[in-house]
Amino acid sequence: MFRLIKSPIRKYHSFYHVNPKIVDMEKIENQVLSKAYELVPELGFSSKAVATAARDLGMTENTPNGLFKFTAGDLETQLVMFHLKNARQHLLELKDSAEGTELDKLKYLINKRLDMNIPIAKHLPQLLGHMIQPSNIVSSLNELHNLSDDIQYYAGDRSIDFAWYSKRMTISGLYVQSELFMINDDSENYQDTKKFVDTKLGEYESAAYAYNSFEEWTFFNAVSTVNLIKSQLARG
């Protein structure tokens with residue numbers, strides 16, 4: 001029998017949602033990662049981007065390894081996590097611009113978050129590949145579900161009990177599918193991705209939530225999300 005692994009996904013209702021500073025730019029490591037992130041369009045999510053950023057900030061290229069106590073692979077993962085958290089920070093700053101119904105706001109917020117991928121779009125396969133590495137899955141899924149919680153809350157959802165979990169897991173799945181669609185989207189300004197989001201949100205409206213416990217729902221969606229990313233990346 002499989003034993004469900006408890007993840008650090010938020011276990012509180014939207015009523016208690018708070019907006020702490022997601023990325024603290026007073027921390028030196030975030031200053032380095034922020035500078036490195038500017039280089040991602042050219043260098044990808046690489047240790048070279050972090051080393052170059054450190055040098056540009058007047059440090060030695062080896063400073064990040066000593067400062068963060070990370071290996072080269074860890075530096076790449078930290079840059080990926082910075083992208084995810086920094087995007088959530090920007091989404092927080094945009095939340096008051098969302099207008100209309102809850103569904104209208106969901107559409108606006110999801111598309112705004114996807115727009116944040118455009119500068120690094122060619123590196124999305126690398127980003128998703130890092131996220132599904134065994135050592136990164138828990139933190140990546142946690143960040144994904146934090147994003148879906150933010151989006152639902154900013155859209156006006158104040159659901160309680162199991163509806164809180166089911167809605168957020170559904171938005172998590174919708175968002176991952178949209179990112180995977182975006183990888184192969186060559187339409188102007190990613191218009192096909194926006195149409196894809198519209199279609200999926202239509203399905204979201206009529207979604208049936210079949211699971212009766214949080215752990216079953218979390219386990220099913222976590223496995224489905226990881227397998228979906230793996231299968232799509234394998235197709236190239």
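Just after helix α8, G156 takes a positive phi of about 105 degrees, where helices are DSSP runs of H or I with at least four residues, numbered from the N terminus. The model is a predicted one, in which local features need pLDDT of at least 70 and side-chain atom pairs count only at pLDDT 80 or more, while totals for chains, interfaces and linings use all residues. Residues are numbered from 1 along each chain as its sequence is written, and side-chain values use heavy atoms, with hydrogens and water left out.

Helix α8 itself covers residues 137-154, and its end C-alpha atoms are 26 Å apart, in agreement with the 26 Å that its 18 residues should span when the expected span is taken as 1.5 Å times one less than the number of residues. Of these 18 residues, 15 are buried, so α8 is largely enclosed by the rest of the structure; buried means under 20% relative accessible area, exposed over 50%, and partly exposed in between, with a 1.4 Å probe and protein chains only.

One of the residues of α8, E143, is buried at a relative accessible area of 3%, and its side chain meets that of R88 in a salt bridge at 2.7 Å, N to O, the criterion being a side-chain nitrogen of Lys or Arg within 4 Å of a carboxyl oxygen of Asp or Glu. R88 belongs to helix α5, 55 residues away from E143 along the chain, and R88 is likewise buried, with a relative accessible area of 7%.

In the loop that follows α8, D157 forms a salt bridge with R168 of helix α9, so the pair ties together parts eleven residues apart in sequence; the closest N and O atoms are 3.0 Å apart, and both residues are buried. Salt bridges with shared partners also join K85, R88, E143 and D150 into one network. By contrast, K95 and D96 pair at 3.3 Å, with K95 partly exposed at 22% and D96 exposed at 66%.

The nonpolar interior can be considered next. The largest nonpolar core has 50 residues, and F45, L79 and I110 have the most contacts inside it; such a core is a set of buried Ala, Val, Leu, Ile, Met, Phe, Trp, Tyr and Cys residues joined through side-chain atoms within 4.5 Å. Its largest share, nine residues, comes from α5. Leaving aside neighbours within four places in sequence, L79 is in contact with residues including L33, Y37, F45 and V50, contact meaning heavy atoms within 4.5 Å.

Note on methods: Helices (H or I, at least four residues) and strands (E, at least two) are DSSP runs, numbered from the N terminus.
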